[in-house]
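Visitor: I would like to walk through this protein with you. Could you take my questions one at a time?

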Amino acid sequence: MKILTGKTAFFDSVPAIKYEGPQTTNPFAYRWYDENKTVAGKTMKDWLRFAVAYWHSFNGNGADPFGEATHLFAWDKNPDPIQRAKDKADAAFEMITKLGLPYYCFHDVDVVDYTNDVADNENRLRQLTAYLQQKQADSGVKLLWGTANLFSHRRYMNGASTNPDFHVLAHAGAQVKAALDATIALGGENYVFWGGREGYMSLLNTNMKKEKEHLARFLQTSRDYARKNGFTGTFFIEPKPCEPTKHQYDYDAETVIGFLRQYDLLGDFKLNLEVNHATLAGHTFQHELQVAVDAGLLGSMDANRGDYQNGWDTDQFPTNLNELTESMLIILEGGGFKGGGINFDAKIRRNSTDPADLFHAHIGGIDAFARSLVTAANILENSEYKKLREQRYQSFNSAEAKAFEAGTASLEQLRDYAVKNGEPAVTSGRQEYLENIINNYL
Ligand code: XUL
Ligand code: CO
């Protein structure tokens, strides 16, 4: 891959990151991510399909609700919004190409600042789309997904497509139209809807039924526009139960799947699951993955990790090998992502203030996934893991159980089986043994 720098290099002190193996002492090298290495029949690059998220790395400035910006990065300084946007694109493509990753993802307002003028915003995004087209052509980096930010502007404080004011919904429509145009022009492979303001703060002022119908109609209308204009990729819904809204309609994987089924959207939409969102919903990430895989709807994932000591979306870079290995077991058994990949929706900490920290963060996350992929493939191929799980259900191979599964056994027949066979044996679930398998293969 060709390393791209713009007029200025923003990461002068950082070399191109290459695979050097687990023994290396070089902090700017991969120990596990060897993109062309074949694991379980596919290259690491093809299994993992890594993407850098524009927003956290190039728009995030370290500000928090208690304090001002701490990331005073050179690409975010130019007073002219178009030039600043181009500087950001230069920084993004320098980092992505130095990391050797195949994809990036963005929101419309990450790419260029928006004003309150719809036509001006469309024009700005078109200018930057042309700039990004050139960057993609020069580097070979591709757009995994685009999206519109329908949550930051004050007009969306009561929702975007679920806003009680149709006028606000129309603005959301204008924004999605422009973001879809940009995604299509850039050959984006998918398009994401994350509904941070699609929900309610109080039921006292909310007609939930009407709002959910509007959400569904908005998705259908957006899909129809994109299809009419040549978009052949997949739409993803990204579940999250709360934050910023008290209750969000896209609560978790099961809720979203039910919603997609109810509104006949399953043909075009799949799920983009995020680790920290699962935590907030009271689930493990593995649970959310399994729900999506079982429904054939695992589209993509946003990689990060939360903090078990607090209840908000801390979006830290993923490092937990046990959690990631258990996740990769599910992803591998499910055959991988349907259209998407692994997007680092994660940010460096407020006090990580060196541009090089962005590299350390990504290198750590990338290697953690690569190592977990190798470990999970090894477990599936060589350990008893699959067999033990299968054996737990072996009683369902009997003729009586098969009849039950086929719906041809009556409740009376179940009763007769129970009487004939007496009290069932106590059988171990062997959880600790299975947990040891994970650690033994790490
Ligand atoms: C917010 C979040 C978003 C989506 C895209 O929690 O995850 O950044 O990924 O809008
Ligand atoms: Co996300």
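Visitor: Let's start at one ring: is F11 buried or exposed?
Guide: Happy to help, and please keep in mind that this is a predicted model. Buried here means under 20% relative accessible area. F11 has a relative accessibility of 2%, so the residue counts as buried.

Visitor: How are the rings of F11 and W75 arranged?
Guide: The two ring centres lie 5.3 Å apart, and the planes make 40 degrees. Planes under 30 degrees apart would count as stacked and over 60 as edge-to-face. The angle of 40 degrees falls into neither class, so the F11 and W75 pair is tilted.

Visitor: How many residues apart in sequence are the parts that this pair ties together?
Guide: F11 sits in the segment before strand 1 (18–19). W75 belongs to the loop between helix 2 (54–59) and helix 3 (81–99), and W75 is itself buried at 1% relative accessible area. Because of those two positions, the pair ties together parts whose separation in sequence is 64 residues.

Visitor: What class does the aromatic pair of Y54 and Y104 fall into?
Guide: Y54 is in helix 2 and Y104 in strand 6 (residues 103–107), 50 residues apart, and the pair links these distant parts of the chain. Both residues are buried, Y54 at 1% relative accessibility and Y104 at 0%. With 6.1 Å from centre to centre and 45 degrees between the planes, the pair is tilted.

Visitor: Which aromatic residues form one cluster?
Guide: A search of the whole structure finds 24 aromatic pairs. The residues already discussed, F11, W75, Y54 and Y104, belong to one aromatic cluster. The full set is F10, F11, Y54, F58, F73, W75, F93, Y104, F106 and F359.

Visitor: In what order do the strands close into a barrel?
Guide: Eight strands take part, and their pairing is parallel. Neighbouring strands of this sheet are turned against each other by 30 degrees on average, direction ignored. The order is 5-6-7-8-10-12-13-14.

Visitor: Which residue in strand 8 is the bridge partner of G146?
Guide: Strand 7 (residues 142–147) and strand 8 (residues 190–193) run parallel and are joined by three bridges. In strand 8, G146 is partnered by Y191.

Visitor: What angle does helix 12 make with strand 14?
Guide: Helix 12 (residues 355–382) packs on the sheet and touches strand 5 (50–53), strand 13 (298–302) and strand 14 (342–344). Comparing its direction with that of strand 14 gives about 155 degrees.

Visitor: Which residues is T325 in contact with, leaving aside its neighbours within four places in sequence?
Guide: T325 lies in helix 11 (residues 321–333). Its relative accessible area is 0%, which means that T325 is buried. Beyond those sequence neighbours, the contacts are S372, T375, A376, I379, I438 and L442.

Visitor: How far apart in space are N121 and H171?
Guide: N121 is part of helix 5 (residues 118–139) and counts as buried at 7% relative accessibility. N121 and H171 are 50 residues apart in sequence, while their C-alpha to C-alpha distance is 12 Å.

Visitor: What is the radius of gyration of the protein?
Guide: The protein has 16 helices and 14 strands. For 442 residues the globule rule gives 22 Å, and the model comes close to that, so the protein is as compact as a globular protein of that length. The radius of gyration is 24 Å.

How values were computed. Residues numbered from 1 in each chain as written. Chains lettered and ligands numbered in written order. Predicted model: local features only at pLDDT ≥ 70, side-chain atom pairs only at ≥ 80, totals over all residues. Heavy atoms only, no water. Pairing = 2+ DSSP bridges. Helix = DSSP H or I, 4+ residues; strand = E, 2+ residues; numbered from the N terminus. Axes fitted to C-alpha atoms, helices over the stretch in contact; angles between N-to-C directions. Contact = heavy atoms within 4.5 Å. Buried < 20%, exposed > 50% of the residue type's maximum accessible area, 1.4 Å probe, protein only. Rg over C-alpha atoms; globule rule 2.2 N^0.38 Å. Phe/Tyr/Trp six-rings, centres within 6.5 Å; stacked < 30°, edge-to-face > 60°.
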